Amino acid sequence: MERLTQGTPAPQFTLPVAGGGTVSLADYAGQKVIVYFYPKASTPGCTTQACDFRDNLASLTSQGYAVLGISPDGIKALDTFTENQSLTFPLLSDEDHAVAEAYGAWGEKKNYGKTYIGLIRSTIVIDEHGVVEMAQYNVRAKDHVAKLRRDLGIDS
């Protein structure tokens with residue numbers, strides 16, 4: 001799977017969103033977007049990461065960033081996750097993992113000594129022109145947003 005790099009155009013997408021309807025990257029034209037891919041709603045690591053984005057959302061939006069979370073979960077799981085964790089940003093369903101593949105966030109993983117194919121926890125920052133500003137793969141769920149804020153030059 002080819003990973004995205006700085007300066008490449010971000011692949012366009014339209015996906016179902018928790019709460020109903022769809023969200024497209026094109027909806028955010030002219031705005032900076034943080035797209036993060038996570039493996040499974042309501043699991044410990046993914047909950048930690050989602051709540052971290054939720055708790056830092058105001059500081060990210062004040063710097064002009066929108067946040068979109070994408071996972072291979074179905075809408076029902078995303079609705080439950082959003083409600084249970086009081087998430088205040090869109091969670092998108094990529095059940096066939098086509099968007100994850102286009103973003104290089106689907107591929108070989110190793111966990112507890114086993115190798116398998118699945119979603120690679122990744123964060124892609126897209127500038128207001130639809131170009132990849134930053135691409136981070138195999139990120140850690142814990143403290144990821146603090147690291148991302150440092151990498152983006154946003155004061156903690």
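Helices here are DSSP runs of H or I with at least four residues, strands are runs of E with at least two, and both are numbered from the N terminus. This is a predicted model, in which local features need pLDDT of at least 70, side-chain atom pairs count only at pLDDT 80 or more, and totals for chains, interfaces and linings use all residues. Residues are numbered from 1 along each chain as its sequence is written, and side-chain values use heavy atoms, with hydrogens and water left out.

**Stop 1: helix α1**

Select residues 44-62. That's α1, with 19 residues. Put a distance between its first and last C-alpha and you should get 28 Å, close to the 27 Å expected at 1.5 Å a residue (the expected span is 1.5 Å times one less than the number of residues).

Where does α1 kink? Centre the view on Asn-56: the kink there is about 55°, the bend being the angle between axes fitted to the seven residues ending at a residue and the seven starting there.

Now colour α1 by burial. Buried means under 20% relative accessible area, exposed means over 50%, and partly exposed is in between, with a 1.4 Å probe and protein chains only. Among the buried residues of α1 are Cys-46, Ala-50, Phe-53, Leu-57 and Leu-60; Asn-56, at the centre of the kink, is buried as well. To see what covers them, show β3 (32-37), β4 (65-71), α2 (75-85), β8 and α4 (144-152), which are included in that cover. Contact here means heavy atoms within 4.5 Å. Before you leave, click on Gly-64, which follows α1 and has a positive phi, near 95°.

**Stop 2: salt bridges**

How many salt bridges are there? The count comes to 4, taking a salt bridge as a side-chain nitrogen of Lys or Arg within 4 Å of a carboxyl oxygen of Asp or Glu.

Start with Lys-40 and Asp-73, whose side chains meet at 3.9 Å, N to O. This pair links distant parts of the chain, 33 residues apart: Lys-40 sits in the loop between β3 and α1, and Asp-73 in the loop between β4 and α2. Lys-40 counts as partly exposed because its relative accessibility is 47%, while Asp-73, at 8%, counts as buried.

Next, pick Arg-54 and Asp-55, another salt bridge, at 2.8 Å. Arg-54 has 25% relative accessibility, so it counts as partly exposed; Asp-55, at 55%, counts as exposed.

Then hop over to α4 for Asp-151 and Lys-147, which meet at 2.7 Å. They lie 4 residues apart in that helix, about one turn. An α-helix has 3.6 residues a turn, so residues three or four places apart point the same way. Both ends of this bridge count as partly exposed, Asp-151 at 36% and Lys-147 at 39%.

**Stop 3: the loop between β8 and β9**

Select Asp-127, in the loop between β8 (122-126) and β9 (132-137). Which side chain of opposite charge is nearest to this buried residue? That's Lys-32, 9.4 Å away, and Asp-127 has no salt bridge. The side chain of Asp-127 does reach the backbone nitrogen of His-129, at 2.8 Å. Leaving aside neighbours within four places in sequence, Asp-127 is in contact with Gln-31, Lys-32 and Glu-133.

Finish on Gly-130 in the loop between β8 and β9. Gly-130 and Gly-7 are 123 residues apart in sequence, yet 9.5 Å apart in space, C-alpha to C-alpha. Show Thr-8, Pro-9 and Ala-10 too: Gly-130 touches them, not counting residues up to four places away in sequence.

Terms used: Lys and Arg count as positive and Asp and Glu as negative; His and the chain ends are not counted. A polar contact is a pair of N or O atoms within 3.5 Å; within protein, one must be able to donate a hydrogen and the other to accept it, and residues adjacent in sequence count only if both atoms are side-chain atoms.
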